[in-house]
Amino acid sequence: MFIARHRYLVIQKVRNLSFRSIHRSHSIRPLAMATTPNDPGLVTPESDGPSKSAAKKEAKRLEKEAKLAAKHLKQATNTPAGEKKAKADREKKEQEPAFVNTTPKGEKKDMSQPMASGYNPIAVESAWYDWWEAQGFFKPQTTENGDTKPEGVFVVPMPPPNVTGSLHIGHALTIAIQDCLIRWNRMLGKTTLFVPGFDHAGISTQSVVEKRLYKAEGKTRHDLGREVFLGKVMEWKNDYQARITDQLRRLGGSCDWDRVAFTMSPSLSKAVTETFCRLHEDGIIYRANRLVNWCVQLNTTLSNLEVDQKQLLGRTLLNVPGYDPKEKFEFGVITSFAYHIEGSDERIIVATTRPETMLGDTAIAVHQDDDRYKHLHGKFAIHPFLNRRLPIIFDEHVDKEFGTGAVKITPAHDPNDYEVGVRHGLDFINILNDDGTFNDNAGEQFKGMKRFHARREVIKKLTELGLFVETKDNSMQIPICSKSGDIIEPVLKPQWWVNCQPLAAEAIKRTRAGELSIGPKQSEADWYRWLENIQDWCISRQLWWGHRCPAYFVQIEGEDIDRNDGKNWVVGRSVEEATERAKILANGKNFTLEQDEDVLDTWFSSGLWPFSILGWPEKTVDFSQYYPASILETGWDILFFWVARMVLMGIYLTGQMPFSEVLCHAMIRDAHGRKMSKSLGNVIDPIDVIHGLPLEQLHQKLYEGNLDEKEILKAIAGQKKDFPKGIPECGTDGLRFALCAYSGGGRDINLEILRVEGYRKFCNKIFNATKFAMLKLDDGFSPETSAKPTGNESLVERWILHKLNIAATQINAQLQERNFMAATTSAHNFWLYELCDVYIEAMKPLTDASVPLQTRRSAQQTLYTCLDHGLRLLHPFMPFVTEELWQRLPRRPTDPTPSIMIASYPINDPDFISSEEEKDFDTVLSAVRAARSLAASYNLQSNIQLFVHSQTGKEIDLFRLQTQAMITLIKGCSAVNVIEDVKALPPGCGSAVISSTITAHVLVKGLVDLDAEIAKCDKKLTLARLNLEKIMKIISQPDYAETVPSVVQITNDEKVTLLSFDRQIQNVAKL
């Protein structure tokens, strides 16, 4: 019976369409009404009519004229109007005076004035931050007796930005995520603390100040002297700390600024000194003369983590910092040359990728089982340039199959050779000065030469002596300084080291025990791999800017003391303590103390961050209440630089994990997936995204840095390509929401400014929707004491409250899972597709003056609840626009909450759950969407007549009760008719199947093209057939009933019913 009724429906539809199509060729006749009686194409009572050929030609002519007239009409009306509107909008924007914040600093913005005509992010975001701070909302909220609240504690130590320069967009991502979590937990009622701070960034800051000094005055730090130079660096630090502070405030970071920290402040410096002394006293820190990574350009030691490995596939010419930019040097090759064996004509051939290091060779190693060289055991090779004999040594670590099986050994300049030198007691001869030139140990011919000039000269001299053999391509990696780009040199230096193995073992044990969670999971795997293979950490740096090592060399009068030996050094928390220890060492002899000139690695002080910012080593109230932290959120690229070191230090010094969770966010790249670089011109200042910046000003900012002219021109070209119109004004809220929306757990984010601008438009939607919705709250409106439903709500009200509850439940769960992409999607979807698109539209008839007061009041109360809770849901992501709009809403009678940022966050509320009502109204919405789709496919924009046919009484009653809501939700709809019998359907309708019991029909008689409809039917028929065959193939499997879950079987049965019905509709439609 069901199929029969629908066959009748479709046959009636097609018959009427066919009738209209008979007259389709005369549809242009009205355009010919302007012709004269003498026009051969016009049939008049006085004529017998034109010939067939004339009529055919005339029809073509009129059709052509009609198309041309339509084209001209479109150009004359639509396009100019659009251009005029765009021009008018531009002129209006240009005429609007720039917003000026008149709210006194720290005072609340005056909200008594009418809302602005449109959303202006700069106006909306003004004044609120200063008021929040003045009200103390950023401080931890405690109980009356000063204890943390029973709801819990949530503490975030902000990763301290370097004072090297201003924040970039990556920092904005950090703040967006961390402040989102802080605001969310604050609204959940917890005691929250977000500690801001700054890192002195030893190498980077000193380097940038030195470059600026040389560029401006042509001087080096040595020209100024240590104290004067450090004064210059401190001026730079103060300047950029102020700039960064302003950026952090503008980004909405709700930090407790009374607790702001700096890694070189007196209290944090005390923590550094205490740590160094304690670790030295416990034997964890020791002094040793070992190979280090030496950066010639920066003139300092680097840790392994600060060295990048550049892969070369073969011969490559590279520029090297410190040399003429036009000069390039050869890498990616292996050079073979020969040594003469002492007392014979025999030669032994060795190979190296660094031929200049042969000046520091002290042996040649071969494998003891290599028959080619057994006869050389105990003999020597003669160095061709130096008065040096090189013993031929046997070592089992030599690979006799690689190259010639003979290896030159340079213990002082190669990590592998260093180990060989230790095993065999070889001489360690350093040939390199700190500035990259060769010293006296390299011999008269080469001393004073720069290292890569010496490389060329060594090969030249070997060739002249007939010792050069060959140079071949060699796939290899070369170590590059991540700070300067210079090529790292392994050199021997006495330095301070941290024995990391026992610290790492404890960290691994505690992490596996569940004391620390690391996300995403990929980062957790990296964590274990690195800790299990950890090496000792060199913490000495040959800089001036930083924490000077609290270590003192004890020079005992009359004795020749080895400065490389750690036994001749003492440490002290003060000079007095060091002196007392030196007295014991000197054993009554006279002595002098010389403090180590070196400073400590920046990461040494940063490793103490979570507890030093709370007053450690003192037993402060802050330390007892807020340590350990709740979460450490940072980029995955510094998981080992910083996070691991905080864990190692925290466990050892405090006995606790410094935080219980590590969350690693992605690295932001440009829209093309490239790493952001100043020389590429793709580094983005978040303030420029907030305020917008013309292209010319973007160019101008390049000149404020240390880029040379060539790099500036390259960056300008990049900016023109990426930002042809500059950066649009997006506002803080749009930027924060976009950055959170990008954060889905991946390792990279390809940032597109247009997407950020899209979320600025979302802010505009929220602003305008709230403004419009508040018009529905008349002057006498007062919200109820409670948001709980009364039970008298209409279907759409119960539906939207249910959707609100779903959004609240999802967002809380997603934030708990740190899935910011999903959380922003849930908030976005509720506001856009449920509140704005549905409820605010559907409630219009409910607030009409003609409806009963109780109905109107109920709809208003529901609207208020949705606005109130909806803004709260958005607040952690969009703090400013939500505060601005929330302050416009009236408060409930018993609610004195002064700000949305300390209002309660919506959570799952069972009273809001209306599952059956949700299903019912979703059914209504499915008919609405079907009607919209039909109207769009037939290009109907007004006087739309919808017919909903259902086979069940419950659905018929549902649709009849919701006809007014449906008319409101379907733009251009004039009537909704609910029919039980398909025979009541008028002829000439377009149809859509909603479910197995519901179809929607829109009257289109006289408006469609039959051929086009048949083509559509063919496509649908083919698709339905393919899908049906696919499902039937699955169902026909022998073990289908036993192996496939019942839920899936039911779903498949429903699909078969729908697809079978759809095929019948399309077949009938083609008759």
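In this predicted model, a convenient place to begin is an open sheet of three strands, arranged in the order β23-β22-β24 with antiparallel pairing. Its edges are formed by β23 (569-571) and β24 (591-595), each of which pairs on one side only. On average, and with direction ignored, neighbouring strands of this sheet are turned by 35 degrees against each other. Five bridges join β22 (residues 551-556) to β24 in the antiparallel sense; within this pairing, Phe-553 has Glu-594 of β24 as its bridge partner. The sheet also has a helical neighbour: α14 (residues 575-586) lies across β22, β23 and β24, and runs at about 135 degrees to β24.

Attention turns next to helix α12, which covers residues 501-512. With twelve residues at 1.5 Å a residue, α12 should span 16 Å, and its end C-alpha atoms are 17 Å apart, so the expected and modelled lengths agree. The buried residues of this helix are Leu-503, Ala-504, Ala-507, Ile-508, Arg-510 and Thr-511, a list that includes the charged residue Arg-510. These buried residues of α12 pack against the strand β18 and against two helices, α13 (521-532) and α18 (639-654). Just after α12 comes Gly-514, which takes a positive phi of about 95 degrees.

Strand β18, one of the packing partners of α12, also borders the loop that holds Asp-486. This loop runs between β17 (476-481) and β18 (489-498). Although Asp-486 is a loop residue, its relative accessibility is 0%, and it therefore counts as buried, the cut-off being under 20%. The side chain of Asp-486 makes a polar contact with the side chain of Arg-451, at 2.8 Å. Leaving aside residues up to four places away in sequence, Asp-486 touches Cys-295, Val-296, Gln-297, Val-320, Pro-321 and Arg-451, along with Pro-479, Ile-480 and Cys-481.

These local views sit within a protein of 1071 residues, of which 51% count as buried. Its secondary structure comes to 33 helices and 33 strands. Among contacts with a separation of 6 or more, 77% are made by residues 24 or more positions apart. The accessible surface of the protein comes to about 50200 Å², and carbon and sulfur atoms contribute 52% of that area.

Technical notes
Residues numbered from 1 in each chain as written. Predicted model: local features only at pLDDT ≥ 70, side-chain atom pairs only at ≥ 80, totals over all residues. Heavy atoms only, no water. Helix = DSSP H or I, 4+ residues; strand = E, 2+ residues; numbered from the N terminus. Buried < 20%, exposed > 50% of the residue type's maximum accessible area, 1.4 Å probe, protein only. Contact = heavy atoms within 4.5 Å. Areas by Shrake-Rupley, 256 points an atom, 1.4 Å probe, with all protein chains shown as cover. Polar contact = N/O pair within 3.5 Å; in protein donor to acceptor, adjacent residues only side chain to side chain. Pairing = 2+ DSSP bridges. Axes fitted to C-alpha atoms, helices over the stretch in contact; angles between N-to-C directions. Expected span 1.5 Å × (residues − 1).
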